[in-house]
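Work through the three exercises below with the sequence and the coordinates open. Each task is followed by its solution in steps.

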Amino acid sequence: MEPNERIRQLRKRMLNMTLEEFSAKINMSRSNLGNIETGRICLTERVLSDICRNFHVNQDWILHGTEPVFENSNDPLDLEIANLYAVLSEKNKKYLYGYMQRLIEEQESSKETEES
């Protein structure tokens, strides 16, 4: 499997994100991300770095397929959450993702209110 295929797998199967959702997180257009995933354009260092930073992905996994997919965390809670997530159905993963997005939006909104 090539890096572009692993990025597509990460986005679709592991993170359950649309092209639009994923591309917004790494500050690029949906069409450019689609072109990277299909191999029409090459993966740049900047895009690779943004994906790894924003999604805590192991760069060696994207480039070479070397496990683990995600960077290890020393926080036991992070590991427990990852283990729980792994057993969820696809439907529940999407539900959880939506819920987490709403929590982040509320958190950011509260932070902006506090700073005003």
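**Exercise 1.** Place Lys-12 in its helix and classify its exposure.

Step 1: Lys-12 belongs to helix 1, residues 3-14. Helices are DSSP runs (H or I, at least four residues), numbered from the N terminus. The model is predicted: local features need pLDDT of at least 70, side-chain atom pairs count only at pLDDT 80 or more, and totals for chains, interfaces and linings use all residues. Residue numbers start from 1 along each chain as its sequence is written, and side-chain values use heavy atoms, without hydrogens and water.

Step 2: The relative accessible area of Lys-12 is 40%, so Lys-12 is partly exposed. The classes are buried under 20%, exposed over 50%, and partly exposed in between (1.4 Å probe, protein chains only).

Step 3: Take Leu-48, 36 residues from Lys-12 along the chain; their C-alpha atoms are 17 Å apart.

**Exercise 2.** Search the whole structure for aromatic pairs and state the geometry.

Step 1: The search returns one pair. Rings of Phe, Tyr and Trp (its six-membered ring) pair if their centres lie within 6.5 Å.

Step 2: The ring centres of Phe-22 and Phe-55 are 4.5 Å apart and the planes meet at 10 degrees, so the pair is stacked (planes under 30 degrees apart).

Step 3: Phe-22 sits in helix 2 (residues 19-25) and Phe-55 in helix 4 (residues 45-55), so the pair ties together parts 33 residues apart in sequence.

Step 4: Both Phe-22 and Phe-55 are buried.

**Exercise 3.** Locate Tyr-99 and classify its exposure.

Step 1: Helix 7, residues 90-115, contains Tyr-99.

Step 2: Its relative accessibility is 40%, so Tyr-99 counts as partly exposed.

Notes. Helices (H or I, at least four residues) and strands (E, at least two) are DSSP runs, numbered from the N terminus. Rings of Phe, Tyr and Trp (its six-membered ring) pair if their centres lie within 6.5 Å; planes under 30 degrees apart count as stacked, over 60 as edge-to-face and the rest as tilted.
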